[in-house]
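Here is a quick tour of one model, going from its packing to its backbone oddities. Have the coordinates open as you read.

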Amino acid sequence: MFDLWKLHDFDPGAGLAAGVHNVDFDETDWVDVPVPGDVHRALLAAGWIQDPFYDRNEDSVRWMEQKEWWYRIHFDGPQTPPAPGERDRLIFHGMDTFATVYLNGEPLGSHRNMFRPAVFDVNGALRYGAPNTLAVRFDPPLACVPDVSSVEPWGPNQERIFMRKAQFGFGWDWGPRLPTIGLWRPVELRRERVAALRGVHFHTLHLTPARDKAIVAVRVEVDRFAAEGPLGAAIRLTTPDGGATARYPLTIAADEATAHLTIKNPALWWTHDLGDPALYTLEVDLLAGDAVVDTWRGRVGIRTLALDQSVDTAEPGTRFFRFVLNGVPIFAKGANWIPADSFVGAIPAERYEMLLTAVREAHMNMLRVWGGGIYEHDVFYDLCDALGILIWQDFMFSCAPYPEDLPDFTAEVEAEAEYQVRRLRSHPCLALWCGNNENQWLHDMRNFATPGIPVPGALFYHDLLPRIVAALDGVTPYWPGSPYGGNDFNSQEDGDRHNWNAWHGNYDRRFGELPRQDTSPESVSYRRYAEDQGRFISEFGLHAAPVLETLRRVIPEDQLYHHSPSMDHHNKDNPKNKGDNLMLSVTGLPETLEEYLDFSMIAQAEGLKFAIEHFRRRKPHCSGTLIWQLNDCWPVLSWSVLDYYGFGKAGYYAVRRAYAPVLASFRESADGLELWITNDTLADVQETAIVRLATFSGETLYEETVGFSVAANSSACVARWRVEQLPGGPDRYVSVRKDVLFPPNRHFFAPVKDLQRAPAELMVEFDPVSDHELVVSISAPTYASFVHLTVPHEATRYSDNYFDLFPGETRAVTVRNEAVVLTPEMVTVRAR
């Protein structure tokens, strides 16, 4: 009914003066706008604007921020008016952001928060059995908030802080300034009778140590707007295989009641790396007498999850920061998630499925929904439930001093939090509620000389939000911010940590100490990750270019060179040469576009590999790494490992190997070399592996079969060699391999730029399996580095990519694309 509207812009105030809200207003020159969706996409489809992602067109649409935007739609009202005890409600599930609603020419109400629904009682306002006209005015955001000039300026684009609106839309160091406008989630007209479900909360209260019995709770909350006396609920819980349904009656005497259910031999929800993410189907019918007046249906998981912050006695003065799932301490392997598009209202489910499938294939078991974006669409959380991916959920505050002294703003934050906690709390993927992104940390660094001054917004992070989480959830851990904990909110000894020593050149400090930053090549080097003894690294990352195909789609041909005006426009981090300083110490500076793409990707991949291996070796003292960042919201040069279109960078495949359930890695020290095995599985590993020292030309200098035994869920050094046993040099490498158990790995004794090796000659054979699948066999007589396959279509998937080939090795790579027919001519194979 409400999926296609009409749209037009006006100068502020002109729409109402022209009578746009009236029933008979002429819409002849208006454009179509789908709902859910947004204004930018509608204007682009109508040809009113150029693609904001192309070249520097972002600047050409800034005028849209200054306009008011009107939506209009005509619809037929219900045939009959509501009976006694019934009500009609018009529900806007997402209004972005400052909106006034008119029904049949009369004002219905207004709304100021993108992150919660707007609900209007339309009894008496609807025309029953007749046409109705609905109009919505979106005012310019900057005209609806206080003057920001009085606010201490820190963080990007401070005008955003007075708005409950996606903060990244006003620009970030990876995103364009394209603040969205419009109806970004569905609209519905709902008739309710006597009472309605306000919320359903499914959670696990207890799981026996043997995991053979669970006690779960189903909390049912109601809005009894016309009900007198008790209500009832019929609860049905169906097993994951659909084979059995248990039924439980519940009496609701007041506004809520809870049923406690005992489940024998439950099918547990696990992250995908530890087991099956089993999902039960829960159905709750709200009953008034024998009549069903409302229904809730969803998939739920039986599992326990806790945040262990006990003392780490093996490292005095520190505490753990680790998640414990069904009694098992886990190492969180994952990434930070930002909105999958700048235009968040029109992201198709298939895009989420593509990205989250890539997450699972990279052995990631956790994503952090970053606090400058959005509370994601339902499909995101449903997919994470099904795929076995945990979610660290930030509340939507990031890098800014948020006002506590505006009652209307505080009321919006409270209503938003209550809505989102109710909405998300039953998802088994939900692991943590977090108050904000970086606010305590940034505030303290700005006020280092007077430590202890509360951050603006502390009312939310330390009082209001934890209170709401405790009242409405009560089982999911709450954490005040990220990073947070210890002596300096970015401590290595306690809490979670953002490591921006690499890339940004930060240096660690204590409360009261002057922050220090140095962007020289030495200070931004990824080798500084080895200094980090943190408990849980919730942000760290390095820039890399996307693939050439992505750049060709958004950069004019005459601008396709490193540091062209258009390329630098698609790099939102400053200074623009920060990536050059990283490459200087890894690959050297590029001279061509091809070199830039390769060198930046190599630097990112080598750095992420180095960091993840270091942090995983420190298990359990370090219990998690979430790289910054998984994805992009537009085509950009950024920290992502999957670019806007879904093409994997070299960093994605390096992370996929480094996050393998069993990892073999080398640690170099002044005394020599160590081999570590990190085992994240729940079974002991007792095996052998071949360690080889060889030259890049193919000469074996040393070889040993190393036996090892590593306990389940642990990390251990299994072999050591003195320098004289495995003498290093720029002409050689050391490798470890064991078929199937873990991906082969290698260690260089010098930076990539200083390695003494000749380019390898690749031999490539293609074996078509079907129209949509090829097997590509690649071999080389000498060491081949950065071997990669490219197909200029984003639906292409590779069993492996951007890998090294040892001398004489053959690697068979499966290439699939279900969207187009694959031919050998489409595949390019290169190495460096």
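Let's start at a loop residue: Asn-713 has a relative accessible area of 22%, so it counts as partly exposed. Keep in mind throughout that this is a predicted model. Asn-713 sits in the loop between β35 (700–710) and β36 (714–722), and its phi is positive, about 55°, although it is not a glycine. His-563 tells a similar story, with a positive phi near 70°. You'll find His-563 in the loop between α9 (548–554) and α10 (565–569), and at 29% relative accessibility it is partly exposed. For context, most residues other than glycine have a negative phi, and most peptide bonds are trans.

That brings us to the cis peptide bonds. One joins Val-35 and Pro-36, with omega about 5°, and Pro-36 belongs to the loop between β2 and α2. Another runs from Lys-619 to Pro-620, with omega near 10°; Pro-620 is in the loop between α12 and β31 (624–627).

Next, the sheet that β2 belongs to. Six strands form an open sheet in the order β2-β1-β3-β9-β6-β7, with antiparallel pairing. Its edges are β2 (31–34) and β7 (106–111), each of which pairs on one side only. From one strand to the next the twist averages 30°. Inside the sheet, β3 (residues 68–76) and β9 (residues 131–138) are antiparallel partners over eight bridges, and His-74 has Thr-133 in β9 as its bridge partner. Helix α2 (residues 39–46) packs on this sheet, touching β1 (4–10), β2 and β3, and its direction makes about 135° with that of β2.

Now for the nonpolar interior. The largest nonpolar core has 238 residues, and Trp-5, Phe-92 and Phe-323 have the most contacts inside it. Helix α12 (residues 593–617) gives the most to this core, with 13 residues. Apart from it lies another core of 21 residues, including Val-662 and Leu-693. Beyond its neighbours within four places in sequence, Phe-323 touches several residues, among them Leu-305, Ile-330, Met-366, Trp-392 and Phe-536. Phe-323 is also part of a cluster linked by ring pairs, together with Phe-321, Trp-392, Trp-479, Tyr-484, Phe-489, Phe-511 and Phe-536.

How many aromatic pairs does a search of the whole structure find? The count is 55. Two of the pairs are set out here:

| Ring pair | Centre distance | Plane angle | Class |
|---|---|---|---|
| Phe-2 and Trp-5 | 6.4 Å | 35° | tilted |
| Trp-337 and Phe-380 | 4.8 Å | 50° | tilted |

Phe-2 and Trp-5 are both buried, as are Trp-337 and Phe-380. The pair of Trp-337 in strand β22 and Phe-380 in helix α4 links distant parts of the chain, 43 residues apart.

Rings also have charged company. Arg-87 lies over the face of Phe-225, 3.7 Å from the ring centre, while Arg-811 lies over the face of Phe-803 at 4.4 Å.

Finally, back to α4 (residues 378–387), where Phe-380 has buried company in Tyr-381, Leu-383, Cys-384, Asp-385 and Leu-387. What do the buried residues of α4 pack against? The list is β18 (291–300), β22 (332–337), α3 (349–361), β23 (366–369), β24 (390–394) and α5 (407–424). After α4 comes Gly-388, with a positive phi near 75°.

Technical notes:
Residues numbered from 1 in each chain as written. Predicted model: local features only at pLDDT ≥ 70, side-chain atom pairs only at ≥ 80, totals over all residues. Heavy atoms only, no water. Buried < 20%, exposed > 50% of the residue type's maximum accessible area, 1.4 Å probe, protein only. Helix = DSSP H or I, 4+ residues; strand = E, 2+ residues; numbered from the N terminus. Contact = heavy atoms within 4.5 Å. Core = buried A, V, L, I, M, F, W, Y, C linked by side-chain atoms within 4.5 Å. Pairing = 2+ DSSP bridges. Axes fitted to C-alpha atoms, helices over the stretch in contact; angles between N-to-C directions. Phe/Tyr/Trp six-rings, centres within 6.5 Å; stacked < 30°, edge-to-face > 60°. Lys NZ or Arg CZ within 6 Å of the ring centre and 35° of its normal.
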